[in-house]
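This briefing is meant for someone meeting the structure for the first time, and it looks at the enclosed spaces inside the protein. Please view the sequence and the model together while reading.

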Amino acid sequence: MTSEFTVQGRPISELADEFGTPMYLYDGDVLRDVYGSLRARLTPELDIFYSAKANPNVSVCAVLRSLGAGLEVSSMAELITARRAGAAVQDIIFLGPGKSVAELRACAEAGVHAIVCESLEELELVNGLGLPRPVDVMLRVNPSFTAKGARLSMGGKPRQFGIDQEVLLRSRSFLRSLPGVRVIGVHGYMGTRILDAAAIVDNTRGILNAAEELSAELGFELSTVDVGGGIGVPYFDNEKDIDLDQLAVGVNAAVTDFLARNPGRRVITELGRYLVGWCGTYVVRARYVKESMGEWFVVADGGTNHHMAAVGIGSFVKRNFPVRSLTRYTDPELRPYNVTGPLCTPNDVVAKQVALPEVRPGDLLGVERSGAYGPSASPGLFLSHGYPAEVLVLDGTAHLVRLRDTVDDLLNKQLLIAL
């Protein structure tokens, strides 16, 4: 007897029939549980901001905002998304290494908590906006120390992100020459996909120490420090969940020590992948099941065009995200399958030699832990298949939170020249 996957009591077959496949399916209970578990462990003096780039769906952002998260955004669309999701301007920060003047002006005029400036040239652009009051900014520092435990380093070495700590320490007179800018704090983000709690603690202390040094040397009042985040989600074999209790003890101690020396300051941690990664499943339907030279293949209706992260996240060796049969969720594994999509490229492999129960045409398969960097980090226009639907199940009700691209959606933006 088979037992299919359910979300809050809703069978996956019903959801697939109602909304179609491929689709991204988000479980609101998981979203709330992950945020709530972390929030309960961290000191209330540490604000949690959601990094919208991980999943910019406005309804996902709205759920996290309703739980108390601020929003960290990196584009005009994300800024508007944050406002539509209900975020107050004092709970929005804007960062990114290549902001346009239009984005800088929109942030300044909206009155977001801070624009996180990533170069001296950007500070000059903010200063030149000509607004009637100084614009609040934070300095993104590229610290002298290197991130520990990061699968992807974002600082501590030559990077397009931030201003080198040594450069900032020489910039006191430059900052004082900018009357249209008010420096209120420091931002640091050392790396991502970190699964070692001790590394998160070390990075947190390092950023807090760097912020104090910069404030003292440059002579600005340190109102806010963003210590970054980077907590990872274990996707692959031999990866383990981060020890949240160990993380919380160390981070809480670091924040408490900092606030004892700097009372009344705001300390922020920003998290993207960790908050939303767990809640998402990429759901595809098997179209064909075939054998080729001794290996079995499932050709599904969606592939890496919607889930580029499943290619391997920077790994030279193909490693599989957790893939399950959703139709036969509790059945024993029968044989290894290569799960592919419909694209005309041999690189369209979602999972290689993954053990599954028997797969038949029409079965539903799911790539788990897929709530982060799905459609937003995938080549959805490849072969003109377009982007999938996104569905959020909240309090037992399934909501369509992104329409599937249609052929008209794809073609109406193109312009046919006269020949």
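What follows describes the cavities and the residues that line them.

The model is predicted, and the values below are computed from it. The structure holds three cavities of 30 Å³ or more, and the largest of them contains about 160 Å³ of space, while the second largest has a volume of about 40 Å³.

**The largest cavity**

- Of the 20 residues that line the largest cavity, those closest to its centre are I200, T204, G228, G229 and T269.
- Two or more lining residues of the largest cavity come from each of the helices and strands α9 (197-218), β13 (224-229), α10 (244-261) and β14 (266-271).
- Among the contributors to the lining of the largest cavity, α9 has the largest share, with four residues.
- Sorted by class, the lining of the largest cavity consists of 13 nonpolar and seven polar residues, with no charged residues.

**The second largest cavity**

- Around the second largest cavity, the lining is formed by Y282, V284, G302, V339, V350, L365, G366 and V367.
- At least two residues of the lining of the second largest cavity are supplied by β15 (280-292), and at least two by β20 (364-367).
- The largest share of the lining of the second largest cavity belongs to β20, which gives three residues.
- By class, six nonpolar and two polar residues line the second largest cavity, and no charged residues are found in that lining.

Key. Residues numbered from 1 in each chain as written. Predicted model: local features only at pLDDT ≥ 70, side-chain atom pairs only at ≥ 80, totals over all residues. Heavy atoms only, no water. 1 Å grid on protein atoms, 1.4 Å probe; cavity = no way out; pocket = protein on both sides within 12 Å on 5 of 7 lines; lining within 4 Å. Points joined across faces, edges and corners; volume = space filled by probe spheres on them. Nonpolar A, V, L, I, M, F, W, Y, C, P; charged D, E, K, R; others polar.
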